[in-house]
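Colleague: I should like to go through this model with you step by step. May I put my questions one at a time?

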Amino acid sequence: MAPEHLRRPPQAPPVFTATAQSIIEDAKRLVATSRKVQDDVVANVTPESASFASVLKPLAQDENVMALESHILGFYQAVSTEQQLRDASSKAEELMDEFFIEAAMREDVFKLVDAVLQKNESIDPESRRLLEKEHKDYIRNGLGLPAGPKRDRFKEIKKRLSQISIEFQKNLNEENEGIWFTREELDGVPEDVLSGLKKGEGENDGKLWLTFKYPDLFPTMKYAKNPETRKKVMIQNENKCNQNVPLFRESIILRDEAARLLGYPNHAAFRIEDKMAKTPDTVNTFLGDLRSRLTAGGQKEIKELLEFKKTDFEARGESFDGRYYLWDHRFYDRLMLEKNFSLDQQLIAEYFPLQTTIAGMLKIFEELFGLVFVEITGEDRQQVAPTGKGSDIVWHEDVQIFGVWNDEGEGSGFVGYLYLDLFPRPGKYGHAANFNLQPGFIDANGNRHYPATALVCNFTKPTPKKPSLLKHEEVVTLFHELGHGIHDLVAQTTYSRFHGTNTVRDFVEAPSQMLENWCWTPSQLKSLSKHYSTLSPEYLSGWQEQAEGKAPPAEQIPDEVIANLIRTKHVNDALFNLRQLHFGIFDMTVHQPADHEAIQKLPISATYNKLRHEITQMDGPEALNMGEEWGHGEATFGHLIGGYDAGYYGYLSSQVYSTDMFYTVFKADPMNPTEGRRYRHQVLEKGGSQDEMTTLTEFLGRPPKTDAFYKDLGLA
Ligand SMILES: [Zn+2]
């Protein structure tokens, strides 16, 4: 058990005791309070008397305090098991968004902010950045437009876009489609997946209900031997949320209209001007260059995969049509890795039970960044809960909570709270992501408010005989998301606006992407591993039951298994990156039409499918005469509605920064504590409080370069 002083954080964690009614009331109260702060500033300050302290400071403090509640009010829609609570949470977010739109268009406040900017007071750099961003935001929110019909229309569009975004995500969260399959149709899918599927009754007697949640979807696409099954799953998955199709279209058209109202040539130009890339041209050039470098590699990979498919079909006595389909890829990619590289993902997963892997990852962060993680359980939950009730400090019984501290070398102070919500359940957000629950900032009395951050994931649930086991790619995902969580925890900004992952979108992935490299480093993999059979007698007997008399496994993952795994890092990598490019290029295509008419006429689903075929070079259902509208992938593409619009490219371009940082600073010794702490303080701690290019350049000792990125991809 942790020492006493690490069990009593100086700041109580938030509570999750909301009701549907309280969520709405709280949102209304927050809005009213915030509106009053703005009204008071306007009432008490004139352009002549306006200063940073009299205008920006109260607004920023209100923003800080509001975020302590507003993020959580919106969070329930992603994690609550109660429909009513989720609905209220969506509604609350809508109310708050409407208010933000209204506030962002207040001309009376803008005049004061403008007056402060003109005065050019001497203020600290983070405050100056806040002032400049705030000023620019008003212009970007339509206050550069003359009052009247144009500005009103702009505001109307903003409101509608906010509603769409909430509805779109809600539809995705609540999507509960699936397909009834016979066991025969699912032949090849691992037994522990099948045993978790709902069993049919009546007309579906003997069948299993396969959902589109990750723990069902991916193993099926990888292991189901029957191509018809995979095809059916893939096509249905691209049609699982078609109520989002019109919402997506409406969004794209409205964004284009709004950007043109403001005088931008298109939405991409509007979105990218304040990012690291600055212009769509930079992005188009980067994506185009990457595409041309990857295309030949992709062709070569498909050729080899086709050989595999041919052999497989011949062995099964089926006729081979010479095509490589979208639903073939995960299956033959997996088969190739197993056959050519003796890579057994299931075997590797046995060495990565979820709980010991998490403990190992936290230990890496402890050593690298000088942190201490203390899980808060049992009695301690009651002790730290402001209500005295331990269950109030989590939103579901599955959730783990940690108090995070600095180690002695870093001053022993409190850092914040980390939550892990790891398993799927109905109505829960379906991917893996990090959510900020409370930002950090300096409060009105000059004290630091500590952040709270949550990982929401969907790993396979444990059973009595087997813990939740992570595939290597899930190990990578977990480390990636934890990376966002750490960024969110160790940031030390004055204003919540710049806290943690509140950086520009084309930088925000870089820290997490850099950390993924640890999951490809033999020493780190070894230390993270622990075979599940060594964890308990129950697990051991569970393992023995299916081990068919094999000798007991080593406790840690054997070196040759690691070596094999690492040899596969770049196998079929061109195809993987071409898939990312498809997302990025589709995003840029729908957000930079030649003119407004062009976007109104654009067949969005067909464009999505066509680009996918052209870029990945794999055949889709269109090759089987199913037309170009066979699926509606855009309707499940939450990123483009949830804030990554004209920003998906950032996943690729930030890899330029992440590989540069890794190769330059960490590759030689990923656990170097001096470099780890330097990284923590020079990069993570800054959040978005200074220009991200400055942050990078200071850390690297020079501006970033693309060399390591292309070299790592084998494209140099
Ligand atoms: Zn990420």
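Modeller: Let us begin with a term: a residue is buried when its relative accessible area is under 20%, exposed when that area is over 50%, and partly exposed in between. Please keep in mind that this is a predicted model.

Colleague: Is H484 buried or exposed?

Modeller: The cut-off for a buried residue is under 20%. H484 has a relative accessibility of 8%, and therefore it counts as buried.

Colleague: Which protein residues are the donors of the zinc ion?

Modeller: The donors lie 2.1 Å from the zinc ion. Along the chain they follow the spacing H-x3-H-x24-E. The atoms concerned are NE2 in each histidine and OE in the glutamate, and the residues are H480, H484 and E509.

Colleague: How many residues apart in sequence are the parts that H484 and E509 tie together?

Modeller: H484 lies in helix α17 (residues 472-490), whereas E509 lies in the loop between α18 (505-508) and α19 (510-516). E509 is buried, with a relative accessible area of 3%. Because the two donors sit in these separate elements, the pair ties together parts whose distance in sequence is 25 residues.

Colleague: Which residues does the UniProt annotation "domain: Peptidase M3A/M3B catalytic" cover?

Modeller: The annotation comes from an unreviewed UniProt entry. The span is 52% helix and 7% strand, and its end C-alpha atoms lie 27 Å apart. According to the record, the annotation covers residues 221-714.

Colleague: Which residues have the most contacts inside the largest nonpolar core?

Modeller: The largest nonpolar core has 147 residues. Helix α12 (residues 280-315) gives the largest share of this core, 10 residues. Another core, of 40 residues, lies apart from it and includes L6, A78, L85 and W395. Inside the largest core, the residues with the most contacts are L290 and W518.

Colleague: Which residues is L290 in contact with, leaving aside its neighbours within four places in sequence?

Modeller: L290 is one of the residues with the most contacts inside the largest core. Once the neighbours within four places in sequence are left aside, the contacts of L290 are L581, L652, F709, Y710, L713 and L715.

Colleague: Which residue forms a salt bridge with D380?

Modeller: D380 is in helix α16 (residues 378-384), and the partner is in the segment before α1 (20-44), 373 residues apart, so the pair links distant parts of the chain. D380 is buried at a relative accessible area of 8%, and the partner is buried at 17%. The closest N and O atoms are 2.8 Å apart, and the partner is R7.

Colleague: Is K526 buried, partly exposed or exposed?

Modeller: K526 forms a salt bridge with D559, with the closest N and O atoms 2.9 Å apart. This pair also links distant parts of the chain, as D559 is in helix α22 (residues 559-567) and K526 in helix α20 (residues 522-528), 33 residues apart. The relative accessible area of K526 is 24%, which means that K526 is partly exposed.

Colleague: In which order do the three strands of the open sheet stand?

Modeller: The edge strands, each pairing on one side only, are β1 (178-182) and β2 (198-199). β1 and β3 (residues 207-211) pair in the antiparallel sense over five bridges, and G178 stands opposite T211 in β3. The order is therefore β1-β3-β2, since strands of a sheet pair side by side.Colleague: How many of the residues of strand β10 are buried?

Modeller: Strand β10 (residues 452-456) pairs with β6 (residues 414-421) in parallel through five bridges, and L420 has L455 as its bridge partner. Strand β7 (residues 433-438) pairs with β10 in the antiparallel sense, over five bridges. Both faces of β10 are covered, with A452, A454 and V456 on one side and T453 and L455 on the other. The number of buried residues in β10 is five of five.

Colleague: Is N625 buried or exposed?

Modeller: N625 is found in the loop between α25 and α26. Its phi is near 60 degrees, a positive value in a residue other than glycine. The relative accessible area of N625 is 75%, and so N625 is exposed.

Conventions: Residues are numbered from 1 along each chain as its sequence is written. This is a predicted model: local features need pLDDT of at least 70, side-chain atom pairs count only at pLDDT 80 or more; totals for chains, interfaces and linings use all residues. Side-chain values use heavy atoms; hydrogens and water are left out. UniProt positions are given in the numbering used here, feature names are shortened, and annotations may be inferred rather than shown by experiment. Helices (H or I, at least four residues) and strands (E, at least two) are DSSP runs, numbered from the N terminus. Donors are N, O and S atoms within 2.8 Å of the metal (3.2 Å for Na, K and Ca); water is not among the atoms, so sites may look incomplete. Buried means under 20% relative accessible area, exposed over 50%, partly exposed in between (1.4 Å probe, protein chains only). A nonpolar core is a set of buried Ala, Val, Leu, Ile, Met, Phe, Trp, Tyr and Cys residues joined through side-chain atoms within 4.5 Å. Contact means heavy atoms within 4.5 Å. A salt bridge is a side-chain nitrogen of Lys or Arg within 4 Å of a carboxyl oxygen of Asp or Glu. Two strands pair if DSSP finds at least two bridges between them.
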